[in-house]
Structures are given as structure tokens and as C-alpha cells.
Number of protein chains: 2
Amino acid sequence: MQSSELQIKPPPKKAVVLVSGGLDSATVLAMAVSQGFACHAVSFDYGQRHKAELVAAAALVQAMGAVEHKVIKFDLAGIGGSALTDASLAVPEHPTQGIPVTYVPARNTVFLALALGWAEVLQAHDIFIGINAVDYSGYPDCRPEYIKAFQVLANLATRAGVEGQPTMIRTPLLSLSKAQIIQEGTRLGVDYSRTVSCYTADDQGRACGVCDACRLRMAGFQGAGLPDPTHYRPI
Amino acid sequence: MQSSELQIKPPPKKAVVLVSGGLDSATVLAMAVSQGFACHAVSFDYGQRHKAELVAAAALVQAMGAVEHKVIKFDLAGIGGSALTDASLAVPEHPTQGIPVTYVPARNTVFLALALGWAEVLQAHDIFIGINAVDYSGYPDCRPEYIKAFQVLANLATRAGVEGQPTMIRTPLLSLSKAQIIQEGTRLGVDYSRTVSCYTADDQGRACGVCDACRLRMAGFQGAGLPDPTHYRPI
């Protein structure tokens, strides 16, 4: 027996990965898995219209080898104020100026806070989130300065931070274009036909093709020079 | 008719006030009301053991003239890691060193994030929270530096912040002792017999008298030179 056979591999580092079921978070999960993290995926059932993304998230997490998948339920619809949670506000079918009506107030702050709490319990020191500041919808909580502020907060908010073990907020997509994200995910074997990006996806996860999320996604496949595997519903 | 009678009073400024049902948040609500804010109270049903505090919160909010009361439900118990949400972890009956087991991972970050989202929808620019860094349990997310970091984050995270309307995180109790808090609340007419602080309060809101929260509260009434109106359960 050679000594190398006696070496015990250290357990993989744990990471919490926010998985919405969309294209970006599927790519981030593939990146975290490829970097050797034991991935604990978390999704949020927050009263969003497009529940099909939660179904997609469950399938993606299983296919991509995450260690576990937690769905945390809470009621952002009770707060209102967004076309994504309030059926009385229409999802725009054309580009709009400024911060769009699909912006969900403080959504990423709530998501990251819950992920931070879970990371602390798991003793994970890495949180992956598919925030992107290039081909995005203009939401304030997708900007680099926002992530930097959350990073500061995270290490003041937690026991781990106080004890000198920082929790890193990892945003590998932050400065990539949608086309670059798709190219990287394709290289890592992501099956984008399983992902749901559309704000008004139907029960089968079929996309409208006209909302902001659909437009960005379509342009991404075009820019990447790859066929768009999205399931669109008949108009 | 004098011209002064024709003056139309501007509507009161809105504030979101986090109300747990405990002594501190009841005092903060009284302070916000006394400052003339239209108070939108929010409580969190997060899987805590001591549900009696939510019953107390509802009664306090009504008695103290808040405009409305929202209870947001979400599952921190699913994350685990705290004696306040996990029945398998005992609540200590004696003081402990360091951050105690009653610390709920990232709790104030989640609470403030949800309050921030609601404030944005209401177009309220003030959030009141009863954080106290003097007579407190040593939680990392009760320190002044934590609140400062959340203040920075809040104005990067939101539409209001981007549009130049900062949301102020108001912590009027931050540097008060428990005795000073009780004196101020008593001056403002808070009925502390309605508040529940105990980590293991029973269904009737009766306190154990031995947990960290009970000990701080008892010492507060003693320090304030006021009778302690807490309902203790028979031992």
C-alpha cells in the first residue's frame, strides 16, 4: 500500500447558493459545484407570480448535485409594491425607464439575510448569488456597491464575523454579460432548457417572450451564438 | 373666520415600527407615536417559542394607536441554530459567556430587511427598532456598528435611496440602560404589564423569571425604582 492511499481528503467547504430557478442562478450553482464546494441550495417562496421557477429550481438542484435544497417561505406579497407579487400591477411588455415595476422592495436584502442566517447555522463561510450588473433590469440591489455594503454588514451581523471568520458574498456573474454567462454555463454543462427566467411563466414554465427577463435572455443566447432552448408558450 | 382655521395640516410622516411585544419595542412605539409619526407596526412570526409575545404585540399596537399592524410569517425555525426556535436547545437559566444560544442567526438583518421593503412600499422614510446595546444579551446584531452598516445598506438597496430619499434607521434606545428605558416608557404611558419579554413565556404570557430576558427586565424595574408589573408563573 502506498502512503498516498492513506491520505484522508478534507471534507469539501460548504457554500450556501441562492437558486431561483433562473438562468443566472443555475450558472452560479454550476460554478460553485465546479469549484468543489458542497452546495446547500436555497430558494424563496415569497408570493411571486412565477411559481414555475421554484419547480425549475428543485429540478436543477437535483440534476446539478447540490447537497440539499431548502425552500424558505415568506410573504412579500403581503407587503405589495411590485408587479412580481401583486396581480393588480401588470408586468411591462416593453422596456421602461428607471427602476421597473417588477422591482421587489428589498428583495435581495431579505434573501441574503436569510442565506446569511442559514450559512451561520451550517458553518458555511461562502454565499453565492447570481447578481449581475451588466445585462440586468436596473434594480438597485443588483449593483456592486450594494453587494459591498452587504459584505460589511454580514461580518458585523453574525457570530462568525465577530469571531473573525468572515462570510464571503460571492457574485461570480457581477461583471459578465448575459452572453458570457450563458457561454460559461454551457461549458459547465448547465441545461438551460430547465431554467425559467420569464416573469409571467405559466404552470409548465413556458415563457412569454416579451417581458424584460425574456428579452435579456433571448439577447444573451443570440450574443453567445448558441441556440435558445427556452420553451415559449404560443401567443 | 380667521385665516388660521383654513390651514390644512400636512399628513403625519409615516414610520415603520418593529414591535415584538416586549418591553423595548413597546417603549419605541410610544416614542414614535409621541413624536407624531403615523406608526405602521410590524411583528414577525418566525417560529419563535414564545408566541405569547405576538399576542402581546397585537394588544399593545391597538392600545397605543398605531395606524396598522402587519404580522409577517416566515420560517427561521427551518434554519435552526437557536434555542429560541429549536425546542431541542434549552434556554439557559443562568448567565453565559460570549454570544448566547438564544441568538437567532441574522435575525435583525431579516427583520430590518422586511421592514425596509414595507417602508419602501408605504413611502415611509423612518424605521424604528428597539435595539439596545447597554443591558442586552450580547447579540452581534444589536451593536451600534451593525446599525450603521445597515443604514448604509438601506440607502443602496432601495428605490428611495437611489432617488435621494434616505430611509433612517432609528434606534432611540441604543444607548439607554434598561432602567432608563422603563422610566421613559412609563412617562409616555406604556403599560408594561401588557409586554412579554420572557424567552419561555407560557400561553398566557407569564414569565419564567430566570432566563436572560427576565433577569435584565427585573433589574431594569429595580434600577428605575418602579414596581415590576410582570406576570410571573408559579415555579
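# Working through strands, helices and the chain contact

The crossing of α6(B) and α7(B) is right-handed. Keep in mind that this is a predicted model. Grab the structure and try the exercises below.

**Exercise 1. Work out how α6(B) and α7(B) are arranged, and which residues make the contact.**

Step 1: find the two helices. Look for α6(B) at residues 178–187 and α7(B) at residues 212–224.

Step 2: check distance and angle. The two axes come within 7 Å of each other and cross at roughly 65°.

Step 3: put a word to the angle. Angles from 65 to 115 degrees count as roughly perpendicular, so α6(B) and α7(B) are roughly perpendicular to each other.

Step 4: list who touches whom. On the α6(B) side you'll find B:K178, B:A179, B:I181, B:I182 and B:Q183. From α7(B) come B:L216, B:R217, B:A219, B:G220, B:F221, B:G223 and B:A224.

**Exercise 2. Now do the packing of α1(B) on α6(B): what is the angle, and what is the handedness?**

Step 1: α1(B) spans residues 23–34, and its axis lies 9 Å from that of α6(B). The packing angle is about 45°.

Step 2: that angle makes α1(B) oblique to α6(B).

Step 3: the crossing of this pair is left-handed. For α6(B) and α7(B), remember, the crossing is right-handed.

Step 4: the contact uses B:L23, B:D24, B:A26, B:T27 and B:A30 from α1(B), facing B:I181, B:E184 and B:G185 from α6(B). B:I181 also turns up in the contact with α7(B).

**Exercise 3. Place β1(B) among its neighbours: is it mostly covered or open, and which strands does it join?**

Step 1: β1(B) covers residues 14–18, and four of its five residues are buried, which leaves the strand mostly covered.

Step 2: one partner is β2(B), residues 38–45, joined to β1(B) by five bridges in the parallel sense. Here B:V16 stands opposite B:H40.

Step 3: follow the chain. From β1(B) it goes through α1(B) to β2(B), and this β-α-β crossover is right-handed.

Step 4: another partner is β4(B), residues 126–128, which runs parallel to β1(B) and is held by two bridges. B:V17 is found opposite B:F128 in that strand.

Step 5: which way do the side chains go? In a regular strand they alternate between the two faces of the sheet.

**Exercise 4. Hop over to chain A and lay out its open sheet: what is the strand order, and which strands sit at the edges?**

Step 1: the sheet has five strands in the order β3-β2-β1-β4-β5, with parallel pairing.

Step 2: the edges are β3(A) (68–73) and β5(A) (168–170), each pairing on one side only.

Step 3: from one strand to the next, the twist averages 25°.

Step 4: zoom in on β4(A) and β5(A), which pair over three bridges. A:F128 has A:R170 as its bridge partner in β5(A).

Step 5: add the helices. α1(A) packs on the sheet and touches β1, β2 and β4 of chain A, its direction making about 170° with that of β1(A). α2(A), residues 52–63, lies across β2 and β3 of chain A and runs at about 170° to β2(A).

**Exercise 5. Find which element supplies the largest share of the side of chain B that touches chain A.**

Step 1: count the contact. 37 residues of chain B touch 37 residues of chain A.

Step 2: name the contributors. β3, α3, α4 and α5 of chain B each supply at least two residues.

Step 3: the largest share, nine residues, comes from α3(B), which runs from 107 to 122.

Terms used:
Residues numbered from 1 in each chain as written. Chains lettered and ligands numbered in written order. Predicted model: local features only at pLDDT ≥ 70, side-chain atom pairs only at ≥ 80, totals over all residues. Buried ≥ 20, exposed ≤ 12 C-beta atoms within 10 Å, placed from the backbone. Pairing = 2+ DSSP bridges. Right-handed = clockwise from strand over helix to strand, strands pointing away. Axes fitted to C-alpha atoms, helices over the stretch in contact; angles between N-to-C directions. Parallel < 35°, antiparallel > 145°, perpendicular 65-115°, else oblique. Left-handed = near helix turned anticlockwise from the far one by under 90°. Contact = placed C-beta atoms within 7 Å.
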